[in-house]
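Grab your viewer and work through these exercises at your own pace. Each one sets a task and then walks through a solution.

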Amino acid sequence: MGFAYFPHTDEDIRLMLERVGAGRLEDLYSDVPSDVLYGKEYSLPDAMSELEIRRYFSGLASRNSKLLCLCGLGAYDHYSPSVASSVISRSEFQTAYTPYQPEVSQGTLRYIFEFQSMIAELTGMDCANASMYDGATSAAEAVIMAVSCAKKKTKVLVSEGLLPQVVDVVKTYASYNGIELGFIPCCGGVTSADAMTEGLSGEDVAGILVPGINRYGIIENLDGFADEVHSHKALLMVYSDPSSLAVIKTPGEWGADIVCGDAQSLGMPLCFGGPYAGFLACRQEFVRKLPGRIVGATSDLDGKRAFVLTLQAREQHIRREKATSNICSNQSLMALYATVYMSLMGPEGLREVNALSYGGAHYLHDALVDTGLFEDAFGKPFLKEFTLRAKVPVDSLQKALLDIGVFGAVEVGDSLVNFCVTEKVAKEELDRVVEHLKSVLYEVL
Amino acid sequence: MKYYDKLIFELSKEGRKGYSLPRNTWGRSLEELPQGLRRSSGPCLPQVSEPDVVRHYTNLSQMNFGVDSGFYPLGSCTMKYNPKINEEIASMQEFSGLHPLQPASSVQGALMLYRDLARALSEITGMAGFTLAPFAGAHGELTGLMIIRSYHNSRGDFRRTRIIVPDSAHGTNPASAAVCGLEVVQVKSNSAGLVDVADLKPLLDDTVAGIMMTNPNTLGLFEKDIKEIASLVHECGGLLYYDGANMNPLLGTVRPGDMGFDVMHLNLHKTFSTPHGGGGPGAGPVGVAAHLVPHLPVPRVCEGEDGAFHVDYGQCAGDTSCGRVSGFMGNFGVLLRAYSYVLALGKQNIKMAGPLAVLGANYIKESLKDCFRLPVEGVCKHEFVFDGLADQSSGVTTLDIAKRLLDYGYHAPTIYFPLLFHQSIMIEPTETESKETLDGFIEVMRRIAGEAVADPQILKSAPHGTPVRRLDEVTAARRPVLTYRALADAGLAAGR
């Protein structure tokens with residue numbers, strides 16, 4: 001035989017079988033009833049050499065188009081520093097398992113501790129976990145957590161301003177978990193405070209989940225939300241874009257109890273939707289209800305500072321069906337990516353990323369409105385993504401953009417389209433987009 | 001491994017920076033935002049230079065042990081070699097630069113990969129269809145249980161709220177069931193370490209949604225009564241869920257679909273060689289039998305009659321999907337790696353992976369069973385469990401053995417799981433370890449068994465040569481210090 005990933009020679013196999021007391025490899029399956037043995041060869045491609053694998057994937061890649069990304073909606077095309085991908089490619093990080101043996105896992109444990117610290121700083125919370133699968137599932141876990149903190153109340157109010165995919169995943173989890181959801185509609189592009197107050201009046205609500213920046217790109221003004229929610233003994237949960245939290249008011253400042261979201265905006269490649277990393281942060285009093293891995297500081301036998309997975313009495317391998325969640329992993333390597341990114345950027349770099357995105361987004365916004373093809377949908381403050389009302393058919397608009405290799409104008413409501421600009425986009429590119437739209441869309445206006 | 005004590009915050013100095021960005025010529029300012037929407041002061045993040053960052057994380061990495069560092073016989077985790085070509089493929093710009101909401105016409109290659117991987121997994125497992133959306137094994141379990149509930153509910157059968165789980169199951173099984181709103185009923189193992197069919201029978205009635213099984217189970221034993229169990233569960237109207245964490249030994253030999261399973265997940269980070277990443281990202285695709293395909297989660301990748309792929313979000317009337325379980329389409333980067341692995345193995349090599357993994361496990365078991373207590377005799381599959389030392393008079397525990405292995409340059413096996421025994425040591429070597437590696441491990445395990453008699457203290461105080469020694473886990477849990485801010489408040493931050 002001989003295959004690069006299997007070290008066994010025929011002689012090795014013979015000697016090993018001899019020790020085991022088996023004549024052939026097939027004998028190792030003597031305990032398997034013959035009616036479940038497959039007995040055939042899979043219908044799969046022939047084994048490929050590395051060169052052939054490269055050729056295959058190049059062929060596949062040529063069927064994708066590289067587009068200029070002017071879309072946000074939960075996945076942001078921010079700049080990815082080369083150091084971040086270089087660090088996460090180190091095989092000591094990449095090929096390790098969950099840090100169950102802390103004596104030989106201090107590398108993983110330390111960066112998770114740093115990640116938790118940085119997420120806590122950005123969100124204004126006391127603590128954070130080691131990361132979740134993605135933003136949408138972190139929101140679902142937050143909802144379950146709020147119900148668990150509330151003990152007897154099983155209803156959660158969810159803002160319709162949240163990203164559609166987040167609402168969908170929360171709905172799915174809630175429906176199987178026995179959580180009743182109520183929805184807070186948007187009014188004028190933002191979560192309606194009046195509707196929230198009305199929803200809370202039944203005194204049966206465990207918590208409410210609202211976005212920090214909503215599906216229209218608008219920065220929500222959550223003034224008064226926390227007081228109202230807390231006066232009904234419910235918890236305030238905020239879904240946040242962590243990159244934005246370097247400059248916009250933090251959930252902690254708004255009085256939130258639990259913060260969830262996706263760390264993708266911290267420079268992670270778009271990668272067609274994953275891997276990203278969700279995060280979950282909370283106030284200290286709720287830490288024992290927090291799902292997922294958590295790393296804490298301690299010391300070893302010699303008094304050396306060291307780090308370890310902690311508060312494991314919450315988790316499935318100890319508590320089984322009584323655990324706070326079924327999650328038994330995190331997106332560790334992506335949490336490392338976010339940690340390296342935040343270390344490189346620091347407070348000033350993150351601020352600059354936001355300032356550049358803000359500048360570009362407002363430039364494009366004004367230029368598009370000036371064409372007369374669009375009008376502002378809501379007239380509310382935004383950071384890097386915004387919603388316009390298209391006065392031309394949306395499919396013509398999207399096609400016009402695709403014709404010049406641009407992805408944008410995703411429909412987020414009737415004739416409402418999303419645009420997003422990050423620091424990666426140059427003025428010349430935006431000018432080209434605006435000129436092109438003018439040249440092809442005036443005739444359909 | 002050398003001890004390195006810094007946290008990145010402790011390298012910070014006002015005025016240092018580790019980034020470079022284009023000059024800001026937009027002429028706009030964040031100060032234009034209403035003050036009430038702005039953060040009052042900047043976050044306390046480190047201010048460090050680029051070389052500081054690179055050296056810090058390189059130092060951290062050197063306190064870590066990975067599959068590339070050495071033998072990692074962690075039972076139930078399938079720590080096989082992670083091929084490097086997979087990383088190269090996953091980093092290709094034409095994939096990593098794709099926005100998940102891009103129109104289907106611009107991502108035909110990505111959608112085709114999704115279809116091709118799902119098809120290969122169906123072939124390997126004997127299932128009719130797959131979703132690649134779940135992010136991990138536990139997430140796959142939850143998704144699979146949602147599919148089961150969706151199926152029963154769609155038939156108006158709302159009474160089925162109980163799920164049967166063996167006492168040897170992975171902890172995620174009962175936990176996933178609880179998140180899915182199911183009541184867990186435990187079925188016992190018999191003296192042969194297998195699901196006790198006699199204990200199962202009385203549990204089966206019209207309130208049973210299904211049973212979750214791992215086969216081979218967590219003792220590494222093949223559940224040979226699986227066909228009988230399948231017909232019993234099906235007769236009572238329940239479905240069978242296959243926990244694919246232990247799929248590796250079956251590659252090439254047994255397919256879950258042929259055993260009667262209706263729903264299953266695979267751990268691509270186990271069986272399909274994608275890196276564990278220190279706890280993730282993984283991927284937990286879920287496969288289903290034909291009658292459950294309409295219940296797979298959205299979004300789904302579909303192929304049109306013209307051969308073009310599109311994404312179905314399940315918005316048509318009458319859609320019976322169990323719902324949406326992930327923000328986008330799963331951990332696409334992990335899916336790329338897994339398919340690269342499938343192509344490298346091809347039909348010729350994949351059928352050898354299972355048998356070679358099984359050979360390694362049996363080789364270690366047979367070589368050590370005179371020194372360690374083997375609770376169940378006979379051929380095992382990819383892993384097996386010892387119940388501590390054969391001679392336990394010295395008081396040396398499984399924990400001591402695990403820690404001593406670290407001194408000898410091996411990662412420890414899984415310990416104290418399964419819960420059936422008090423001193424469980426679960427060993428899984430995988431097919432990518434050579435006979436020489438296994439011989440070295442066997443020799444060290446024998447040496448440790450000898451030390452337990454001659455010098456038990458050296459085991460009880462192990463490890464000795466690692467960057468840190470045993471940790472005070474009690475204090476860590478009793479007085480949690482979870483952030484750098486809390487660490488500094490407790491006076492435990494190191495000066496520069």
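**Exercise 1. Sum up the fold of chain A.**

Start with secondary structure: chain A has 14 helices and 17 strands, where helices (H or I, at least four residues) and strands (E, at least two) are DSSP runs numbered from the N terminus. Before going on, a bit of housekeeping: this is a predicted model, in which local features need pLDDT of at least 70 and side-chain atom pairs count only at pLDDT 80 or more, while totals for chains, interfaces and linings use all residues. Residues are numbered from 1 along each chain as its sequence is written, and chains are lettered from A and ligands numbered from 1 in the order in which they are written.

Next, get the extent: along the principal axes, the C-alpha atoms of chain A fill a box of roughly 80 × 55 × 50 Å.

Then check burial. Of the 445 residues in chain A, 61% count as buried (20 or more other C-beta atoms within 10 Å of the residue's own, with C-beta atoms placed from the backbone).

Last, look at contacts (C-beta atoms, placed from the backbone, within 7 Å). Take those in chain A between residues at least 6 apart in sequence: 72% of them join residues at least 24 apart.

**Exercise 2. Split chain A into domains and describe how they meet.**

The bounds come from an automatic or database domain assignment. It gives chain A domain 1 (68-76 + 346-444) and domain 2 (82-342). Their centres, taken over C-alpha atoms, are 29 Å apart.

Now the contact itself: domain 1 of chain A puts in 21 residues and domain 2 of chain A puts in 22. On the domain 1 side, H12 and strand E14 (385-390) of chain A are the elements that give two or more residues. H12(A) has the largest share there, with 5 residues. By class, that side holds 13 nonpolar, 5 polar and 3 charged residues (nonpolar: Ala, Val, Leu, Ile, Met, Phe, Trp, Tyr, Cys and Pro; charged: Asp, Glu, Lys and Arg; polar: the others, Gly among them).

**Exercise 3. Do the domain split for chain B.**

Here the assignment reads domain 1 (84-342) and domain 2 (351-478). The C-alpha centres of these two domains of chain B are separated by 31 Å. Their contact takes 18 residues from domain 1 of chain B and 17 from domain 2 of chain B. The domain 1 side breaks down into 8 nonpolar, 9 polar and 1 charged.

**Exercise 4. How many residues do chains A and B each bring to their contact?**

Count each side: 170 residues come from chain A and 170 from chain B. On the chain A side, helix H12 (residues 332-370) supplies the largest share, 23 residues. Sorted by class, the chain A side has 87 nonpolar, 49 polar and 34 charged residues.

Definitions and conventions
Two residues are in contact if their C-beta atoms, placed from the backbone, lie within 7 Å. A residue is buried if 20 or more other C-beta atoms lie within 10 Å of its own, exposed if 12 or fewer, and partly exposed in between; C-beta atoms are placed from the backbone.
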